[in-house]
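Trainee: Could you walk me through the ligand site and the terms used for it?
Mentor: Sure, here is the model.

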Amino acid sequence: MELTGKRAVVTGSNSGIGLGVAESLAAAGAEVVLNSFTDRTEDHDLAATLAARHRVKVSYIAADMSKGADCRALIEKSGGCDILVNNAGIQFVSPIETFPVEKWDQILAINLTSAFHTTAAALPGMRAKGWGRVVNIASAHGLTASPFKSAYIASKHGLVGLSKTVALETAGQGITCNAICPGYVLTPLVEAQIPDQMKAHNMDRETVIREVMLDRQPSRHFATVEQIGGTTVYLCSPAADQVTGTTISVDGGWTAL
Ligand code: NAD
């Protein structure tokens, strides 16, 4: 398979988009390292399930992406990586005047600074091999803004800027760095919000999805974790050898508005 012999580290990958990306990379033949900050039996079971399903090596390494030393240790404990997917991310919504300082710091640390640490730790190995892929999961909010999400939007715009800088520092060395910018993606977290939104707006499932949740997404369809995974696999393919320092929107037209 096309990614056989490559090791991928995906941060924040015990659920949602990270898990979907990990699954797509495993299906393409890559060895995968799953990560989150927890160290539960089910996290390690998830790795075993993916390994059995795709007949590739999959491990789980607990590391807290809000801590720089943990970020660097994740890469070291993985034995380095050929593909680095910086996906761990959190959100918090509040007007800026009352935005809790600790939430601002935590969001910047997990959504942006972690990618600085993991990339710095992963690049020497990629340079030595003359091949590497850094894929940063940013957001439509890395290119546009919405009120009350100051930390998230600042972190995702920062992640897009970091991607461009890493692309320039690695250009011509067989390494690429890009940001994927998803719109609204149907993850378990989003799925769980649907019943509450249906109640709050007294609408059926389809109407609340179309009129309320996807009002910024012209296609009126969620993106899927499989589509983000497929975009990641494309960025790891030879077709994308010259794709670097850019953003790829998977947002149903959100940023075309
Ligand atoms: P999610 O909550 O399902 O996944 C987040 C992952 O990050 C989880 O695995 C969680 O355990 C992990 N994580 C959180 N804090 C961590 C920490 N301190 N250390 C290590 N891991 C940590 O959410 P998701 O929707 O799958 O989001 C994944 C990424 O995609 C995020 O960066 C998010 O900003 C981005 N994104 C999501 C959407 C969407 O609509 N779901 C849209 C655009 C971008």
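**The ligand and its pocket**

Mentor: Start at V185, where a backbone N or O atom lies 2.8 Å from an oxygen atom of the ligand. This is a predicted model, where local features need pLDDT of at least 70, side-chain atom pairs count only at pLDDT 80 or more, and totals for chains, interfaces and linings use all residues. Residues are numbered from 1 along each chain as its sequence is written, and side-chain values use heavy atoms, with hydrogens and water left out.

Trainee: What makes the V185 pair a polar contact?
Mentor: A polar contact is a pair of N or O atoms within 3.5 Å, so 2.8 Å qualifies. M65 also qualifies: a backbone N or O atom of M65 is 2.8 Å from a ligand nitrogen. At Y152 a side-chain N or O atom sits 2.6 Å from a ligand oxygen.

Trainee: How much of the ligand does the protein bury?
Mentor: The protein buries 89% of the 820 Å² that the ligand exposes taken alone, by the Shrake-Rupley method with a 1.4 Å probe.

Trainee: Which residues come nearest to the ligand?
Mentor: N14, I17, S36, N87 and Y152, out of 29 around the ligand; a residue counts if one of its heavy atoms lies within 4 Å.

Trainee: Why do we say that the ligand sits in the largest pocket?
Mentor: Because "sits in" means that more than half of a molecule's atoms lie within 2 Å of the pocket's grid points, and the ligand meets that for the largest pocket.

Terms used:
Polar contact = N/O pair within 3.5 Å; in protein donor to acceptor, adjacent residues only side chain to side chain. 1 Å grid on protein atoms, 1.4 Å probe; cavity = no way out; pocket = protein on both sides within 12 Å on 5 of 7 lines; lining within 4 Å.
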